[in-house]
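User: Hi! I am new to protein structures and would like to go through this one step by step. Could you help me read it?

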2 protein chains.
Amino acid sequence: MNYPIKRTAAQTKLSSTANRGMDLEATINETNDYYIANDVAYIYKKPIPIQIVKVDYACRSAARISEAYYKVPSTTDYNGIYHGKYIDFEAKETRTKTAFPMKNIHEHQVKHLENIVRHGGIGFIIVAFTTVGKTFLLDASYVIEYYKRAVDGRKSITYAEFEQYGHEIMEGYVKRLDYLKVVDQLYFSK
Amino acid sequence: MNYPIKRTAAQTKLSSTANRGMDLEATINETNDYYIANDVAYIYKKPIPIQIVKVDYACRSAARISEAYYKVPSTTDYNGIYHGKYIDFEAKETRTKTAFPMKNIHEHQVKHLENIVRHGGIGFIIVAFTTVGKTFLLDASYVIEYYKRAVDGRKSITYAEFEQYGHEIMEGYVKRLDYLKVVDQLYFSK
């Protein structure tokens, strides 16, 4: 199964993968904390869906889960509210320099973004090209289009396409990855 | 710690608590599935937040979580989009007949509902009085008010208050607990 397991802080520590400093997820979470603390937006990362199989109730106040497995998420990772609008997005990083492989996004996540947009919400993906050092926001309409193309065509979104149709998100010190600045320009500037 | 642990299907099976038939969470999930299948609304239950401590990577395709603990959720359980609006709520059941104890709702969940409403979203709680056999939707404004009252007054919302200020949600066969019917009347009827 091609399910890309999301690392939590705890897993990162345990995993043998080299720690590449703060990853995209942590950076977005910090940014969301900033937005929340400043009453700008209420956007949260959904917990990782887990199938719990065994729980030890030895101590009533602290049930210990002793067997569980990762489940495939049915929606995107992040959602919330901004300026009265429902916001929904998925965030992914890739080390490749030239393209973002479509297999990193599940079909039902693309379908989910499609549903959200049809019902009046704002949907997009955030993709960090970690080797290049650039992060882009790409509107759901392009994600849907490129997902369809992948059926019998290119199985990825090229870096050039992100440059052309995406919007670069700037990194900062206080607002770590101020993606709502791009959201303002893209969805609230009329 | 007074953290009310939410049961998943797997936990219910393992728990010693008598299975009282389909619980509120399962009923709401089924209703949401109906809404999704009929393109009415996209509202999902957030996964239970888990602190993962230990993962066995014996088999690469199926990482097994061997030690994890429940975390206190920072938001409510359900959110999504309906008629272009952001919807957010918490669902709880109680066996008591006369009142719903405020301790079943965390302070940061009340604060969260307050934030959502201030930013233009729709927020409420759904409370099932399982012994009485009635389920109510109560707007966030009352939840906030009763939460404040609990500081130096009554530590619960009485059943009579649910009857007066809440709205009963009817159970049905296809739409198991058609709470969006109440949402329509309450938030979309002007």
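**Two chains, step by step**

User: Before we start, what kind of model is this?

Analyst: Good place to begin! The coordinates were not taken from an experiment here: the model is predicted.

User: Which strands of the two chains form an open sheet of four strands, and in what order?

Analyst: Strands of a sheet pair through backbone hydrogen bonds, either parallel or antiparallel. In this open sheet the pairing is antiparallel. Its edge strands are strand 2 (50–56) of chain A and strand 2 (50–56) of chain B, each pairing on one side only. Reading across, the order is 2(A)-3(A)-3(B)-2(B).

User: By how many degrees are neighbouring strands of this sheet turned against each other on average?

Analyst: Here the direction of the strands is ignored. The average turn between neighbours is then 30°.

User: How many bridges join strand 3 of chain A to strand 3 of chain B?

Analyst: Both strands cover residues 64–70, and they run antiparallel. You can follow the pairing residue by residue: Arg64(A) stands opposite Tyr69(B), and Ile65(A) stands opposite Ala68(B). The number of bridges joining the two strands is four.

User: What area is buried between chain B and chain A?

Analyst: The size of an interface is often given as the accessible area lost when the parts come together. In this model, 44 residues of chain B are in contact with 44 residues of chain A. Carbon and sulfur atoms give 63% of the buried area. The area itself is about 3,900 Å².

User: How many residue pairs are in polar contact between chain B and chain A?

Analyst: For this count, both residues need a pLDDT of 80 or more. With that condition, the number of pairs is 13.

User: Which element gives the largest share of the side of chain B that touches chain A?

Analyst: Several elements of chain B give two or more residues to this side, among them helix 1 (9–14), strand 1 (41–45) and helix 3 (107–118). By type, the residues of this side divide into 23 nonpolar, 15 polar and six charged. The largest share is seven residues, and they come from strand 3 of chain B.

User: Which residue of chain B forms a salt bridge with Asp39(A)?

Analyst: Side chains of opposite charge can pair when their charged atoms come close. The search finds 14 salt bridges over all chains, and two of them cross the interface of chain B and chain A. For Asp39(A), the closest N and O atoms of the pair are 2.4 Å apart, and the partner is Arg118(B).

User: Why does this pair join two chains?

Analyst: Look at where each partner sits. Asp39(A) lies in the loop between helix 2 (24–37) and strand 1 (42–45) of chain A, while Arg118(B) lies in helix 3 of chain B, so the two chains joined are A and B.

User: What is the order of the open sheet of six strands in chain B?

Analyst: This sheet has mixed pairing. At its edges are strand 1 and strand 10 (167–168) of chain B, each pairing on one side only. The full order is 1-4-5-7-8-10.

User: Which residue is the bridge partner of Ile126(B)?

Analyst: Strand 7 (residues 122–129) and strand 8 (residues 134–139) of chain B pair in the antiparallel sense over six bridges. The partner of Ile126(B) lies in strand 8 of chain B, and this residue is Leu137(B).

User: Which strands of chain B does helix 3 of chain B touch?

Analyst: Helix 3 of chain B packs on the sheet, and its direction makes about 155° with that of strand 5 of chain B. The strands touched by helix 3 are strand 5 and strand 7 of chain B.

User: Where in chain A is His83(A), and what is its phi?

Analyst: His83(A) lies in the loop between strand 4 (78–82) and strand 5 (85–94) of chain A. Its phi is positive in a residue other than glycine, with a value near 50°.

Methods. Residues numbered from 1 in each chain as written. Chains lettered and ligands numbered in written order. Predicted model: local features only at pLDDT ≥ 70, side-chain atom pairs only at ≥ 80, totals over all residues. Heavy atoms only, no water. Pairing = 2+ DSSP bridges. Axes fitted to C-alpha atoms, helices over the stretch in contact; angles between N-to-C directions. Contact = heavy atoms within 4.5 Å. Buried area = accessible area lost by both parts, 1.4 Å probe. Salt bridge = Lys/Arg side-chain N within 4 Å of Asp/Glu carboxyl O. Polar contact = N/O pair within 3.5 Å; in protein donor to acceptor, adjacent residues only side chain to side chain. Nonpolar A, V, L, I, M, F, W, Y, C, P; charged D, E, K, R; others polar.
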